[in-house]
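Please open the structure in your viewer and keep the selection panel at hand. Each stop below suggests a selection and then says what is to be found there.

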Amino acid sequence: MLNDAPHVLIALEQSGLAAAIRQSVWAYPAANVGHIVALTVFAGSVAIMDARLLGAFAAAPPADVVRPARRMAKLGLLLMLITGSALFTAEASHVGTNPVFQAKVALIALGLINAFCARRALGGALDSMPAFEPLPPRIRLSALLSLGIWIFVAACGRLIAYF
Amino acid sequence: MLFRLQLGLLLMAILPAAVFAHHGWGSYDAAKPLTVTGPIETTKYENPHATITVKAADKTWTVTLAPVSRMQSRGATPEFVAVGKTVTAYGYPSTVEKDEMRAERITVDGKTVEMR
């Protein structure tokens, strides 16, 4: 434990829940595996959604691809939050003060803001958008940003262990 | 065109990750291996890595071991690294944390267990 970490992180790491996660033989590895599996669900769905917004799978109306992909992305994100919280809680003082983790949190915030902006910009128009028609430039830019941001989030996640 | 751009982004993100991945033990100085022997003062049999503190002749070392499941499967049970046992740990000193080392292998009661 890092003694000079913020009190809230130390308290979290010293909590009974954190101790239970560390002392269980399977909880930590299970959260680790679950986090990676959830990542494949999340990143796969986001990539399909972004690819459609960028013009791939043009024969399908955008809404037919974006809506189901968005549902899967939300499920993946929820699983990532649950498993990630377990991993974070077990080592809160170390992970919370890790610069790569802090960059990751900032990038997640950026990715979510970008997603909300894209969703607002699309609005109800998504359902009436036809196949084979390029989407507005603003939406395509947002999709490109999304791909870039989430790839860096994944990279930061793995790199926490190396800094 | 767009797919080429995406591929470029992907490569940009993956390449640095591949480079850094070589440095999993980067914060430990493998050029200065050391052997620490002494009684175990504290044991944390916890994930993601078990740790023990060892009272050596000069100072007390914090020795980072392996994940709990690996320790168990190799016979390094909680009893194996119980407080009071005399342990010999071969490993590398941390370049970040003072008096911390990561064990390559530990020996207790004549039995050696690999940590990697």
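The tour goes through chain A, its helix contacts, the nonpolar cores and then chain B. Please bear in mind throughout that this is a predicted model.

**Chain A as a whole**

Begin by selecting chain A and showing it as a cartoon, where you will find seven helices and zero strands, so that the pattern read along the sequence is α-α-α-α-α-α-α. Its C-alpha trace spans about 55 × 30 × 25 Å along the principal axes. Of the 163 residues in this chain, 36% are buried. If you consider the contacts in chain A between residues at least 6 apart in sequence, 82% of them join residues that are at least 24 apart.

**H3 and H4 of chain A**

Next, select residues 27-54 of chain A, which form helix H3, together with residues 62-90 of chain A, which form helix H4. How far apart are the axes of these two helices, and at what angle do they pack? The axes are 7 Å apart, and the packing angle is about 155 degrees. Since angles over 145 degrees count as roughly antiparallel, that angle makes H3(A) roughly antiparallel to H4(A). The crossing in which H3(A) passes H4(A) is left-handed. Colouring the contact of H3(A) with H4(A) by residue class will show 24 nonpolar, seven polar and two charged residues.

**H2 against H4 in chain A**

Keep H4(A) in view and add helix H2, residues 16-23 of chain A, which packs with H4(A) at an angle of about 95 degrees, the two axes being 8 Å apart. H2(A) and H4(A) are therefore roughly perpendicular to each other. Show the side chains of Leu17(A), Ala18(A), Ile21(A) and Arg22(A) in H2(A), and you can follow how these residues meet Ala86(A), Thr89(A) and Ala90(A) in H4(A). By class, the residues of this contact comprise five nonpolar, one polar and one charged.

While H2 of chain A is still selected, pick out Ala20(A), which is found in that helix. Is Ala20(A) partly exposed or buried? It counts as partly exposed, because it has 13 C-beta neighbours inside 10 Å, whereas a buried residue needs 20 or more. From Ala20(A), draw a distance to Gly55(A), which lies 35 residues away along the chain; their C-alpha atoms are separated by 47 Å.

**The nonpolar cores**

Now select Phe42(A) and Phe152(A), the residues with the most contacts inside the largest nonpolar core, which has 29 residues. To see which elements contribute, display H3, H4, helix H6 (99-122) and helix H7 (137-159) of chain A, each of which supplies at least two residues of this core. The largest share, 11 residues, comes from H7(A). Apart from this core lies another, of 21 residues, and you can locate it by selecting some of its members, among them Val63(B), Leu65(B), Met71(B) and Met101(B).

**Chain B**

Finally, select the whole of chain B, whose secondary structure comes to two helices and six strands. Following the chain along its sequence, you will trace the pattern α-β-β-β-α-β-β-β. Of its 116 residues, 24% count as buried. Among contacts in chain B between residues at least 6 apart in sequence, those joining residues at least 24 apart make up 48%.

Technical notes. Residues are numbered from 1 along each chain as its sequence is written. Chains are lettered from A and ligands numbered from 1 in the order in which they are written. This is a predicted model: local features need pLDDT of at least 70, side-chain atom pairs count only at pLDDT 80 or more; totals for chains, interfaces and linings use all residues. Axes are lines fitted to C-alpha atoms, for helices over the stretch in contact, and angles run from 0 to 180 degrees between N-to-C directions. Helices (H or I, at least four residues) and strands (E, at least two) are DSSP runs, numbered from the N terminus. Angles under 35 degrees count as roughly parallel, over 145 as roughly antiparallel, 65 to 115 as roughly perpendicular and the rest as oblique. A crossing is left-handed if the near helix is turned anticlockwise from the far one by less than a right angle, and right-handed if clockwise. Ala, Val, Leu, Ile, Met, Phe, Trp, Tyr, Cys and Pro count as nonpolar, Asp, Glu, Lys and Arg as charged, and the others, Gly among them, as polar. A residue is buried if 20 or more other C-beta atoms lie within 10 Å of its own, exposed if 12 or fewer, and partly exposed in between; C-beta atoms are placed from the backbone. Two residues are in contact if their C-beta atoms, placed from the backbone, lie within 7 Å. A nonpolar core is a set of buried Ala, Val, Leu, Ile, Met, Phe, Trp, Tyr and Cys residues joined through C-beta atoms within 7 Å.
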